Amino acid sequence: EHFVNALTTNLTYFFREEHHFPILAEHLRTLSGEVNIWCCAASTGEEPYSLAMTALETASSGARLNVNIVATDLDTNVLRVGAEGIYGAEAINKLPAGMANRYFDRVDDQRWRAKPALRQMIRFQQLNLVDTQWSVRGPFDAIFCRNVMIYFDRDTQLAVLRRFAPLLKPDGLLFVGHSENFYHATDLFRLRGKTVYERVSKA
Ligand SMILES: C[S@@+](CC[C@H](N)C(=O)[O-])C[C@H]1O[C@@H](n2cnc3c(N)ncnc32)[C@H](O)[C@@H]1O
């Protein structure tokens, strides 16, 4: 019934599709207290760590936030990498100025590890988006679902989007990948910015 392309890749990097991060920061500035974010195709962790860094940068400019990120993926091997939080110097060197030292500890010449404060914000767990049961509980302030729906057929995409809607807070945001447009789900989500959606029904 559901079709998942066997040719999925785990390609990801820190601050991929970087225009999303200022939008997330702006959204976080409207919130206070407990904030919950779901990153539903987290791969090796660069995406949830980018979300966590964005949250800490936003918090350091005044807002009092307690941000929890649940990072899920189909593939338990990539989840293990994410939970460990160790990345190569080449990737760390590409981070925006100052972030490497603020958020990562040097392990050796080649590797850096996410600091405990960053790692503690993220819970990594397995979840298959096409399973009938999801092990996450909303409501979320934001869902990041980037560069995974491209592997699903249209009906599967729609089914997943239908299940996202009630998991998002009324003012929550859905961030998708650059080549993922959900014009077939206009009853559920309306475009709020470049590849950022909000719920149509705010009830
Ligand atoms: C190309 S990576 C994108 C990673 C990240 N979201 C980004 O945009 O950089 C796609 C990820 O989706 C995961 N994936 C593929 N099918 C999935 C499914 N049915 N449920 C959950 N994750 C899935 C893969 O394991 C892979 O880690």
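Visitor: Which residues in H1 meet which residues in H2?
Guide: In this predicted model, the contact can be listed from either helix. On the side of H2 stand Ser-50, Leu-51, Thr-54, Ala-55 and Thr-58, and the residues in H1 that meet them are Phe-21, Leu-24, Ala-25, Leu-28 and Arg-29.

Visitor: How many nonpolar, polar and charged residues does the contact of H1 with H2 have?
Guide: Leucine and alanine count as nonpolar, whereas arginine counts as charged, and the contact includes Leu-24, Ala-25 and Arg-29 in H1. Sorted by class in this way, the contact of H1 with H2 has six nonpolar, three polar and one charged residues.

Visitor: Are H1 and H2 parallel or oblique to each other?
Guide: Helix H1, which spans residues 20-29, packs with H2 at an angle of about 50°, and their axes are 10 Å apart. The crossing of the two helices is right-handed. Angles under 35 degrees count as roughly parallel and those from 65 to 115 as roughly perpendicular, with the range between them counted as oblique. The relation of H1 and H2 is therefore oblique.

Visitor: Where in the chain do the partners of the salt bridge between Arg-102 and Glu-57 lie, and how many residues apart are they?
Guide: Side chains of opposite charge can pair when their charged atoms come close. For Arg-102 and Glu-57, the N to O distance in the salt bridge is 3.0 Å. Arg-102 belongs to helix H5 (residues 99-103) and Glu-57 to helix H2 (residues 46-60), so that the pair links distant parts of the chain, with a separation of 45 residues.

Visitor: Are Arg-102 and Glu-57 buried or partly exposed?
Guide: The boundary that matters here is 20% relative accessible area, under which a residue counts as buried, while over 50% it counts as exposed. Arg-102 has a relative accessible area of 42%, and the value for Glu-57 is 24%. Because these values fall between the two cut-offs, Arg-102 is partly exposed and Glu-57 is likewise partly exposed.

Visitor: What is the distance between the closest N and O atoms of Arg-162 and Asp-187?
Guide: Arg-162 sits in helix H7 (residues 154-164), whereas Asp-187 sits in the loop between strand S8 (168-176) and strand S9 (189-193), and the pair, 25 residues apart, links distant parts of the chain. Arg-162 is partly exposed at 42% relative accessible area, and Asp-187 is partly exposed at 46%. The two residues form a salt bridge, in which the closest N and O atoms are separated by 3.5 Å.

Visitor: How many salt bridges does the structure hold?
Guide: One of them joins the side chains of Asp-108 and Arg-111, at 3.0 Å from N to O. Elsewhere, Arg-190, Arg-192 and Glu-198 are linked in a network of salt bridges. The number of salt bridges that the structure holds is eight.

Visitor: Is Leu-118 buried or exposed, and which residues does it touch?
Guide: Leu-118 lies in helix H6, residues 116-119, and its relative accessibility of 1% makes it count as buried. Its C-alpha atom is 25 Å from that of Asn-128, a residue 10 places away in sequence. When residues up to four places away in sequence are not counted, Leu-118 touches Tyr-49, Ala-52, Met-53, Leu-56, Tyr-103 and Phe-104.

Visitor: Which residues are in contact with Ala-83, leaving aside its neighbours within four places in sequence?
Guide: Ala-83 is placed in helix H3 (residues 76-84) and is partly exposed, with a relative accessible area of 41%. The C-alpha atoms of Ala-83 and Ala-71, which are 12 residues apart along the chain, are separated by 9.4 Å. With those sequence neighbours left aside, the contacts of Ala-83 are Tyr-49, Arg-113, Arg-119 and Phe-124.

Visitor: What is the phi of Phe-15, and what is the phi of Glu-17?
Guide: Most residues other than glycine have a negative phi. Phe-15 is found in the segment before H1 and counts as buried at 13% relative accessibility; Glu-17 is also placed in the segment before H1 and is buried at 12%. Although Phe-15 is not a glycine, its phi is positive, at about 55°, and Glu-17, not a glycine either, has a positive phi of about 50°.

Visitor: Is the peptide bond from Gly-138 to Pro-139 cis or trans?
Guide: Most peptide bonds are trans. Pro-139 lies in the loop between strand S6 (122-126) and strand S7 (140-145). With omega near -5°, the bond from Gly-138 to Pro-139 is cis.

Key
Residues are numbered from 1 along each chain as its sequence is written. This is a predicted model: local features need pLDDT of at least 70, side-chain atom pairs count only at pLDDT 80 or more; totals for chains, interfaces and linings use all residues. Side-chain values use heavy atoms; hydrogens and water are left out. A salt bridge is a side-chain nitrogen of Lys or Arg within 4 Å of a carboxyl oxygen of Asp or Glu. Helices (H or I, at least four residues) and strands (E, at least two) are DSSP runs, numbered from the N terminus. Buried means under 20% relative accessible area, exposed over 50%, partly exposed in between (1.4 Å probe, protein chains only). Axes are lines fitted to C-alpha atoms, for helices over the stretch in contact, and angles run from 0 to 180 degrees between N-to-C directions. Angles under 35 degrees count as roughly parallel, over 145 as roughly antiparallel, 65 to 115 as roughly perpendicular and the rest as oblique. A crossing is left-handed if the near helix is turned anticlockwise from the far one by less than a right angle, and right-handed if clockwise. Contact means heavy atoms within 4.5 Å.
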